[in-house]
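This report is meant for a reader who is meeting the structure for the first time. It takes up one topic after another, and it may help to keep the display in view while reading.

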Amino acid sequence: MSVDVQAIDFSKAQDAGRGLVPAVVQDADTLQVLMLGWMDAEAVDASRETGRVTFWSRSRHERWVKGETSGNTLQLVDLRLDCDADTVLVLARPTGPTCHTGTDSCFEGAPSSEVHRLDALVARREAERPEGSYTTSLFEGGTRRIAQKVGEEGVETALAAVDEGDEELVGEAGDLVFHLLVLLRDRGLGLAEVEELLRSRRGR
């Protein structure tokens with residue numbers, strides 16, 4: 001984890017003398033903001049040690065593990081600090097709905113990246129290989145077959161750009177992105193590696 005609890009400034013908190021900092025939880029895969037909680041130093045340490053995101057309840061005055069009773073836990077991926085070191089960004093993978101209302105996010109309509117969501121789904125399909133899944137059939141067909149599909153979808157996307165309308169172009173582009181993600185995953189790669197390369201090219 002990139003955050004040391006000693007680096008967090010709990011001194012600005014005013015809650016009966018208990019040092020608390022806000023913790024913004026974001027889905028590590030889709031980048032959707034899931035919820036806002038509060039953490040003290042012990043909650044930060046517990047999250048790091050157990051891998052399950054832990055908070056301090058200001059109403060119950062006790063520490064609590066997200067999803068301890070519902071099973072909808074948050075698996076910790078990383079912790080990061082804001083510029084003032086008094087707010088924590090929690091990157092996590094939810095095992096179910098984060099909000100008690102049954103929705104993915106406590107913030108209605110919170111945006112998320114569908115491409116990241118799709119990349120995570122493709123990764124699960126590659127690992128689990130569910131019977132009857134089109135994605136499973138692609139993986140079992142091998143790299144050459146997947147690469148062929150990417151080529152076909154690339155040509156169809158180019159043709160749609162020249163000869164068809166916007167709806168058709170968007171549809172073909174969606175097919176191309178999906179098959180490209182499958183090809184990357186087949187090679188042990190994913191969207192993260194592509195994004196890292198693009199970041200390295202930023203400003204060129």
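## A pair of strands, β3 and β4

In this predicted model, strand β3 (residues 54-57) and strand β4 (residues 62-65) run antiparallel and are joined by 4 bridges. Across this pairing, W56 stands opposite R63, which belongs to β4. The side chains of β3 are divided between two directions, with T54 and W56 pointing one way and F55 and S57 pointing the other way. Whichever way they point, all of these residues are buried.

The two strands form a hairpin with 4 residues between them, and in this hairpin H61 takes a positive phi near 55 degrees. H61 is not a glycine, although its phi is positive. The residue is found in the loop between β3 and β4, and because its relative accessible area is 52%, it counts as exposed.

## Another positive phi, at L31

L31 is a residue other than glycine with a positive phi, here near 70 degrees. Its place is in the loop between β1 (21-27) and β2 (33-39). Is L31 buried, exposed or partly exposed? With a relative accessibility of 38%, L31 counts as partly exposed. The residue appears again below, in the description of the largest pocket.

## Two buried residues in helices

S47 lies in helix α1 (residues 41-50), and because its relative accessibility is 0%, it counts as buried. When residues up to four places away in sequence are not counted, S47 touches M39, R52, V53, T54 and L76. One of these, T54, has already been met as a buried residue of strand β3. For a sense of distance along and across the chain, S47 and L189 are 142 residues apart in sequence, while their C-alpha atoms are 28 Å apart in space.

T157 is found in helix α4 (residues 143-163). A relative accessibility of 13% places T157 among buried residues, since buried means under 20%. Its contacts, leaving aside neighbours within four places in sequence, are with L169, E172, A173 and L176.

## The two domains

How is the chain divided into domains? There is a domain 1, covering residues 5-94, and a domain 2, covering residues 114-202. The C-alpha centres of domain 1 and domain 2 lie 34 Å apart.

## The largest pocket

The largest pocket holds about 470 Å³ of space. Its lining is made up of 21 residues, and those closest to its centre are A28, L31, H116, A192 and E195. Thus L31, described above for its positive phi, is also one of the residues closest to the centre of this pocket. By class, the lining has 9 nonpolar, 3 polar and 9 charged residues.

Several elements of the chain contribute to this lining, and β5 (74-81), β6 (88-94), α2 (114-128) and α6 (191-200) each supply at least two residues. The largest share comes from α6, which gives 5 residues. Where does the largest pocket lie with respect to domain 1 and domain 2? Both domains give residues to the lining, so the largest pocket lies between them.

## The second largest pocket

The second largest pocket has a volume of about 310 Å³. It is lined by 15 residues, and D27, D29, P94, R117 and R124 are the ones that lie nearest its centre. The residues of this lining divide into 5 nonpolar, 4 polar and 6 charged.

Both β6 and α2 supply at least two residues each to the lining of the second largest pocket. Here the largest share comes from α2, with 4 residues. The second largest pocket lies between domain 1 and domain 2, because both of them give residues to its lining. Taken with the earlier section, this means that β6 and α2 are among the elements that supply at least two residues to the lining of the largest pocket and that they do so for the second largest pocket as well.

Methods: Residues numbered from 1 in each chain as written. Predicted model: local features only at pLDDT ≥ 70, side-chain atom pairs only at ≥ 80, totals over all residues. Heavy atoms only, no water. 1 Å grid on protein atoms, 1.4 Å probe; cavity = no way out; pocket = protein on both sides within 12 Å on 5 of 7 lines; lining within 4 Å. Points joined across faces, edges and corners; volume = space filled by probe spheres on them. Nonpolar A, V, L, I, M, F, W, Y, C, P; charged D, E, K, R; others polar. Domains from an automatic or database assignment. Buried < 20%, exposed > 50% of the residue type's maximum accessible area, 1.4 Å probe, protein only. Contact = heavy atoms within 4.5 Å. Pairing = 2+ DSSP bridges.
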